[in-house]
2 protein chains.
Amino acid sequence: MRQTTPPPPAAIDAWARLQRASGAVLARVETRLKADGFPPLGWYDVLLELSRAEDKTLRPVEIEKRMLLAQYNVSRLLDRLAGAGYIEKLKSPEDGRGVSVRLTSEGDALLKAMWPSYQAAVEAEFTKYLEPGDAETLWSVLGRLVP
Amino acid sequence: MRQTTPPPPAAIDAWARLQRASGAVLARVETRLKADGFPPLGWYDVLLELSRAEDKTLRPVEIEKRMLLAQYNVSRLLDRLAGAGYIEKLKSPEDGRGVSVRLTSEGDALLKAMWPSYQAAVEAEFTKYLEPGDAETLWSVLGRLVP
DNA sequence: TTCATCTTAATGCAGTTGCATGAAAAGGAG
DNA sequence: CTCCTTTTCATGCAACTGCATTAAGATGAA
């Protein structure tokens, strides 16, 4: 007798697994960073965006768009980063409402210090489990979700 | 002259995109659920696990494992669900420390009421952007990350 | 110019999460 | 049994997030 083939996983299963997997792996990476004495990943992400930007400077609204964060979360995250001395807030020269945020040398140093730990964490909790080609596959499929 | 091929995206790029994409899509789905007047997805997930369980009943520690949540988050999530009447907490018959959590009929009703909204949200914010085979591909690759 | 509208950023408050700890029962070695 | 370790669940407190609102400057139509 013929074996019944299992039904193909529907999109909803892929959705559920996407949420579970990315959440779990993120938690593990954050745990490793913290164990190494570093601040949360969100801090790293802001510093990285700034380090790549012209003059190491960005407007908060730009950070908001690049990191896909809510406006008030950006505002407070920048507060914390400024309080810790990793960025500095300047009055925006071209927009009276605006703020300009610049990476400080301390921020740049933190970025460089965190990188090995971050890289090792991603390797241990993510890359290690992938098979050849998986990274490209993921990158390509997920790219359709964030245009 | 030969065109230089772009470097293949490294695992770290796949990691970054995984976090961005899953976070962004999750936020959009949650926004739709809320717009329809429903509680957060976490509530749905607990109710769903209970509905699938023997006697519609689970121990908190089981929910913790299935949902990959921290223990204190489960404890408080169950508090809220019990407060809203969607589950009831019973003393575990076989374990004096333990609690047993059972889905109430109100909880079952909420589950059924949320499903169409949830399904539509996932369709609109996730499935819609996928191409044929993507769901299976994602499911398979992500499966390696949560053994 | 003038005024209504949009954009940028901050903040008070309530709800949620993370961390550390504690209480109580189960499990297990001797 | 006795004692030590482990498991299960709750909670005080601090930090963070979401929501709603506010303030202030930019933008653009008339």
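**Close-up views of a protein–DNA model**

**View 1. Polar contacts to DNA strand D.** In this predicted model, a side-chain N or O atom of B:R76 lies 2.9 Å from a base oxygen of DNA strand D; a polar contact is a pair of N or O atoms within 3.5 Å. The side chain of B:K34 places an N or O atom 2.5 Å from a phosphate oxygen of DNA strand D, and a backbone N or O atom of A:G96 is 3.1 Å from a phosphate oxygen of that strand. Two or more residues of the surface near DNA strand D come from each of α4 of chain A, α3 (60–67) of chain B and α4 of chain B; helices are DSSP runs (H or I) of at least four residues, numbered from the N terminus.

Residues are numbered from 1 along each chain as its sequence is written, and chains are lettered from A and ligands numbered from 1 in the order in which they are written. Local features need pLDDT of at least 70, side-chain atom pairs count only at pLDDT 80 or more, totals for chains, interfaces and linings use all residues, and side-chain values use heavy atoms, with hydrogens and water left out.

**View 2. Surroundings of DNA strand D.** DNA strand D is surrounded by 19 residues, and A:Y72, A:N73, B:K34, B:V61 and B:R97 are the closest; a residue is near a strand if one of its heavy atoms lies within 4 Å of it. Sugar or phosphate holds 56% of the atoms of DNA strand D within 4 Å of the protein, and bases hold the rest.

**View 3. Surroundings of DNA strand C.** Of the 19 residues around DNA strand C, the nearest are A:K34, A:V61, A:R97, B:Y72 and B:N73. Sugar and phosphate make up 58% of the atoms of DNA strand C that come within 4 Å of the protein. Base oxygens of DNA strand C lie 2.6 Å from a side-chain N or O atom of A:R97 and 2.9 Å from one of B:R76. The side chain of A:S75 has an N or O atom 2.9 Å from a phosphate oxygen of DNA strand C.

**View 4. The two protein copies.** A turn of 180° with a shift of 0.0 Å along the axis lays chain B on chain A with an RMSD of 0.0 Å, superposed by least squares on C-alpha atoms of residues with pLDDT of at least 70 in both. The two copies are therefore related as by a two-fold rotation axis.

Note on methods
A polar contact is a pair of N or O atoms within 3.5 Å; within protein, one must be able to donate a hydrogen and the other to accept it, and residues adjacent in sequence count only if both atoms are side-chain atoms.
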